[in-house]
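Open the model in your viewer and get ready to select a few pieces by residue number. We will go from stop to stop, and at each one you will hear what to pick and what to look for.

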Amino acid sequence: MLSEIKFTLNGKRIIYQGDPLRRLLDVIREDLGFTGTKEGCSEGECGACSVIKDGRLVTSCIIPIGACNGSDILTIEGIRDTEKGECIISAFAEGGAVQCGFCIPGMVMAAYYLLENNPNPSEEEIRMGISGNICRCTGYDLIVDSIALAAKKGEELWKK
Amino acid sequence: MEEMMCYIPENLEEALAIMDEKDAIALAGGSDLMVSGANGTGVNPSFSRPVVIISNLPELKGIKKREDGWTEIGALSTSREIAESGLVHPLVRNAASLMGAVALRNSATIGGNIANASPKGDTPQPLILLDAEVTLKSVRGERRMKVDDFILGAKKTKLEKGEIITSVLIPPSSLTHCYYRKIGMRRANAISKLTISIGAEVRDGKVVDFRASSGAAGPKVIRSHEAESILIGKTLSELTEYKEEFLDAWNNAISPRAMPEYRRGTTRRMLSFFIDALSAGVQEGIIE
Amino acid sequence: MSYTKISDKIERVDARTKARGEAMYVCDMSLPDMLYAYMVRSTCPRGKILKIDVPNLPKGYKFITADDIPQKGNNELWMISKDWRAFAKDYVLYVGETIGLLVGPDRTVLKYLRDNIHIEYEMEEPAVTIDDGIASKGGPMFPEKGNNVFCSLYCEKGRPMEEVFAEADEIFEETLETGYQEHVHLETNGAIVTMEDGKFVFYASAQCPFYIRKSIAGILGISVDDIIIRQCTTGGAFGGKEHFPDVLCGPLLVAENVIRKPIKLIFDREEDTQFSVKRHPSKCVYKTALKDGKIIGMDAKVYYNVGAYLSSSFVVLQRGIFHANGVYNIPSTHLVGEGIGTNTFPTCAFRGFGAPQTIFAVETHMDHIAHHLGVDPLEFKKDYIIKQGEETVTNGHIIEEVKLPEMLDVITKESDYWRKAKEYTPGCGKGIGISMYLHGGAFTGNGEQAIIKAHARLVRTGDKVRIEVGSTEMGQGFQTSLRKIAANTLQLPIENIEYNNPDTSKVVDSGPTAASRSTMIVGKLVERAAEEMKRRWDEGDITTEVEYEHPEGYPWDQSTFRGDAYLGWGWGVACVEVEVDKLTNEVKTVGIWTSHDIGHAIDELIVHGQVNGGIIQSLGYASMEKLENKNGFFRQKRMSDYVIPTSMDFPRQFYHLQENPYPWGPQGAKGMGELVFNGADAAYVDAVERALGTTFNSIPIPPEDIEEALKKNAQ
């Protein structure tokens with residue numbers, strides 16, 4: 001039986017001792033102070049709290065920290081200064097993807113996951129890739145275009 | 001705090017022991033339980049019974065084809081893994097691929113989806129059509145039963161104290177024609193308003209098997225063996241003649257509760273469409 | 001030095017910090033020794049409070065109620081009227097009404113305490129729907145008047161209706177209804193209060209910081225200057241954070257007065273869905289007099305469900321009436337509006353502010369008349385498009401040139417409307433629909449001068465210039481647009497212009513960020529202040545400040561609602577093409593084409609994003625966003641059951657802007673935020689009606705409602 005939970009967050013080793021049912025989101029935002037990950041719906045519905053856990057996009061509001069032993073977790077803070085993260089963020093800025101911005105860190109994570117697994121997505125695949133990330137401001141077109149722009153501009157990056 | 005209410009076993013044996021000792025609830029992907037137990041921002045979820053987090057048990061992972069031809073899906077297989085697996089029947093893959101959106105499909109598990117027994121759950125519906133079974137394990141041993149028997153109704157199952165769903169078993173299918181539709185509240189990332197699977201096996205112009213199951217239309221997945229038997233054994237040219245009788249029998253199986261008009265009307269049209277396609281000699285495979 | 005020009009394609013100033021997760025929303029903030037607040041709300045739609053049982057509170061926990069309001073204070077929020085109470089006392093009028101605030105350090109404990117507060121009510125019969133309200137179900141809300149009518153108005157032009165209707169050879173009458181809509185700004189409502197140098201300081205997710213100050217000061221009987229509002233990065237608002245932050249900040253102010261420590265109140269999504277303001281449900285009865293196939297008069301009775309308190313509803317209703325003839329010049333018209341009180345959560349501002357309901361009604365009504373007459377709806381509607389100089393429903397005139405004919409040319413060509421409209425026979429499963437709409441920019445009539453009296457101030461330090469206005473960025477791009485206007489005029493690079501989230505103690509009141517007025521009005525003020533600064537550049541580090549001036553010669557009488565309601569309107573055309581699955585009645589939108597006249601765009605990329613977003617909100621409103629109230633309770637409680645569009649629900653939009661510079665706007669710009677919400681819904685319904693050969697009289701129309709309509713119309 002595990003008595004503590006060891007995981008890495010943005011490459012840093014973390015040992016968590018406490019209620020294993022605590023939401024990964026609360027650990028990230030409140031215990032560790034990474035507030036780039038947002039809480040939108042609290043039920044895995046809107047994608048604002050998206051993070052990457054062991055290479056997979058997940059919504060951190062419905063993951064208990066107890067399920068994260070041995071996991072590698074990446075939040076927006078962990079990718080924003082990487083070449084790939086910067087590629088997406090620049091494309092979002094250039095392409096007009098950002099309005100109120102609340103969904104955007106999660107959207108960037110979804111785009112990152114998409115491009116990591118599909119370096120050259122079609123429009124349909126991009127729309128599918130962000131269909132779990134609700135945005136109320138943009139109507140999505142410019143987000144879709146921005147992700148396509150990131151795919152194009154970072155062509156070599158995403159093949160790595 | 002009071003007594004420890006959550007446990008993280010490192011293997012199945014430990015998990016079963018603690019499940020039994022504490023009369024606990026198993027948490028797999030968390031996508032249902034973490035919502036039902038939620039207490040808001042910064043307040044840890046709570047449950048009426050102790051929780052055992054089984055998310056990382058290696059014994060419950062993986063999808064494989066067994067020697068007897070059945071497909072065995074580890075209970076912790078996620079919707080994404082199922083949707084991507086060539087070993088899994090297309091109807092189940094379809095349902096898994098349309099569950100929620102990307103992130104949810106990366107965490108929701110098939111075991112959790114069945115144990116949760118939500119009328120709106122996506123995977124039980126095609127599983128029931130395929131006569132799939134679940135394997136249940138506890139310290140007392142192992143048992144197997146059809147998913148259709150396991151799920152009793154909305155949020156009700158035959159899961160006993162200390163039991164965990166360890167795998168889902170899908171028998172080999174000889175269905176030649178299949179149809180799947182999910183009608184959600186929107187085109188993606190949606191809870192189902194209605195789902196349907198229809199399958200038929202046609203051999204030499206004769207319907208040797210016919211099945212339909214429908215989800216989100218009542219307290220549990222609807223399957224009517226009585227209605228099915230109306231079409232089984234008929235030739236393709238006889239289908240039109242028996243169609244109305246079959247549709248009426250199906251109609252009677254649908255719950256008269258929420259949105260009955262829509263669910264009845266739509267189910268009837270989809271079944272009718274499939275039967276007409278069969279009558280017209282449509283090609284084998286997934287009918288769209 | 002190269003400077004930023006209006007035509008430059010630039011990056012939004014806030015894009016990177018937001019995308020990097022560095023922008024601080026109020027939920028991201030934390031102050032030393034901060035406490036948390038949980039709202040305790042009414043679970044009774046109408047009744048007397050008999051008893052409030054509060055469990056023993058541990059040390060450090062407080063339950064704040066109306067009883068904590070000091071003697072010199074009043075238990076009222078001053079929005080437009082003062083009827084909405086900060087805390088319910090003695091009686092409740094709707095489910096979700098604030099009864100108290102539980103405040104303390106540990107949210108687990110607060111949650112436990114909240115779950116264990118028991119309130120006993122003597123229940124009374126609630127009025128929930130507009131019809132309930134009209135019938136004064138459960139007894140009139142205003143016993144002195146004997147009804148539930150919060151507010152009413154009428155407008156008329158042309159000849160008397162009796163006369164016109166007597167001449168008609170046919171009268172086409174129908175009732176059109178729209179449902180509730182929830183804003184679903186991705187960031188829920190929230191605020192933090194603290195003390196600084198004896199003043200009450202709020203950090204809030206808000207559109208209108210100055211509104212909050214004005215609204216809540218009276219609760220403690222203090223001066224507005226004793227309160228400082230600092231807007232945090234705001235994660236979407238759409239009207240939902242126009243007056244509603246008052247409902248959080250009022251009780252927080254009372255709590256802070258007692259506790260004197262930082263207190264944070266953040267709604268979770270379920271609270272925000274069930275217990276926040278909504279768009280007004282509407283019921284419109286349109287009667288149109290036809291003679292020889294032509295409209296000779298139109299009579300409309302418009303009801304909006306106001307909920308239990310007035311908030312901004314009278315103004316919303318006025319907008320509804322002023323837009324109730326849509327883009328059409330109907331020779332004689334009579335429009336009556338009533339705001340009906342019910343025991344439901346008060347409805348308030350939502351993008352479009354009352355115009356979407358009547359525009360949906362009139363567009364759909366016009367389509368139905370066309371179908372009835374057997375002519376193409378667009379063919380029919382275009383003959384009535386109002387022109388420059390023609391009389392509006394408020395007996396004013398359209399001042400600008402109306403470019404709708406040019407816009408229709410673009411849209412019908414791009415969408416191939418005329419071919420498709422002929423080819424898609426009624427009921428064939430495919431349909432194309434088209435709508436036209438408008439939105440009056442800024443406050444109605446002379447409201448900018450008489451009510452708002454907006455100011456803007458610029459402060460120069462070396463080669464940097466700071467804009468000091470109370471207008472807010474909530475996602476619409478104003479921090480970028482406004483800086484661009486200033487940079488363009490001052491001939492500076494945009495990096496040299498500073499414009500931060502406002503702090504009411506540091507900026508001047510430029511009026512609310514609402515009514516599509518920010519670019520048009522505040523943008524112009526900043527442009528004027530910048531022009532002056534440019535002229536006086538040699539004077540060094542100076543401050544310039546200007547006040548709004550209304551152009552001469554455009555009278556308005558707010559007591560009779562007569563005159564030039566708006567100096568500039570935004571105009572729009574939306575075309576939507578759909579395919580309906582006949583098995584499931586699922587509607588697939590396959591094409592969206594829009595054209596908008598917003599004067600001149602300050603930043604085309606920002607405008608593009610606004611258009612896209614507004615159109616999808618409108619299509620969500622028409623198709624899937626169903627919010628029902630049963631017995632005073634909203635049935636949809638979260639984002640999984642109140643669904644809004646995803647990236648997969650609607651296709652890429654064709655987007656066109658019609659140039660039509662507005663003389664009184666900065667660089668020719670008019671308002672646009674609301675316009676783009678106002679008409680796609682009607683185009684969608686038109687398209688679905690044609691695809692199915694049926695008629696709808698209400699929105700939204702999810703598949704199950706389409707099924708019902710088909711069944712009903714088949715009978």
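Begin by selecting Leu153(C), which stands opposite Gly337(C) in strand 15 of chain C. Strands and helices here are DSSP runs numbered from the N terminus, with at least four residues of type H or I for a helix and at least two of type E for a strand. Now widen the selection to strand 7 (residues 149–157) of chain C, which pairs with strand 15 of chain C in the antiparallel sense over eight bridges. Two strands count as paired if DSSP finds at least two bridges between them.

A word about what you are viewing: it is a predicted model, in which local features need pLDDT of at least 70 and side-chain atom pairs count only at pLDDT 80 or more, while totals for chains, interfaces and linings use all residues. Residues are numbered from 1 along each chain as its sequence is written, and chains are lettered from A and ligands numbered from 1 in the order in which they are written.

Strand 15 of chain C has another partner to show you. Add strand 14 (residues 294–307) of chain C, which pairs with strand 15 of chain C in the parallel sense over nine bridges. Here Gly307(C) stands opposite Gly341(C). How many of the nine residues of strand 15 of chain C are buried? Eight are, so strand 15 (residues 333–341) is largely enclosed by the rest of the structure. Buried means that 20 or more other C-beta atoms, placed from the backbone, lie within 10 Å of the residue's own; with 12 or fewer it is exposed, and in between it is partly exposed.

**A three-stranded sheet in chain C**

Stay in chain C and pick out the open sheet with the strand order 4-2-6, whose pairing is antiparallel. Strand 4 (91–92) and strand 6 (118–123) stand at the edges with a single partner strand each, so one side of each has no neighbour in the sheet. Between strand 2 (residues 47–53) and strand 6 of chain C you can trace six bridges. One pair to click on is Lys51(C) with its bridge partner Glu120(C).

**A five-stranded sheet in chain B**

Move to chain B and select the open antiparallel sheet of five strands, in the order 4-5-10-6-7. Which strands stand at its edges? They are strand 4 (63–65) and strand 7 (141–146) of chain B, each with a single partner strand, so one side of each is left without a neighbour in the sheet. The twist from one strand to the next averages 20 degrees. Zoom in on strand 4 and strand 5 (residues 71–74) of chain B, an antiparallel pair with three bridges, where Lys65(B) stands opposite Thr71(B). Then add helix 1 (residues 12–22) of chain B, which packs on the sheet and touches strand 6 (133–138) and strand 10 (164–170) of chain B. The direction of this helix makes about 75 degrees with that of strand 6 of chain B; such angles run from 0 to 180 degrees between N-to-C directions, along lines fitted to C-alpha atoms, for helices over the stretch in contact.

**Chain A and its neighbours**

Colour chain A by its two domains, domain 1 (5–78) and domain 2 (80–159); the bounds come from an automatic or database domain assignment. Their C-alpha centres lie 21 Å apart. Across the boundary, 14 residues of domain 1 are in contact with 12 residues of domain 2 of chain A, contact meaning that C-beta atoms placed from the backbone lie within 7 Å. The largest share of the domain 1 side, three residues, comes from strand 3 of chain A.

Next, show chain A with chain B: 29 residues of chain A are in contact with 29 residues of chain B. Strand 4 of chain A gives the largest share of the chain A side, four residues.

Now swap chain B for chain C, where 41 residues of chain A are in contact with 44 residues of chain C. Helix 3 of chain A supplies the largest share of the chain A side, four residues.

For the last stop, select helix 6 of chain A, where Leu142(A), Ile143(A) and Ala150(A) are among the buried residues. The buried residues of this helix pack against several elements, including helix 3 of chain A and helix 16 (604–623) of chain C.

Definitions and conventions. Two residues are in contact if their C-beta atoms, placed from the backbone, lie within 7 Å.
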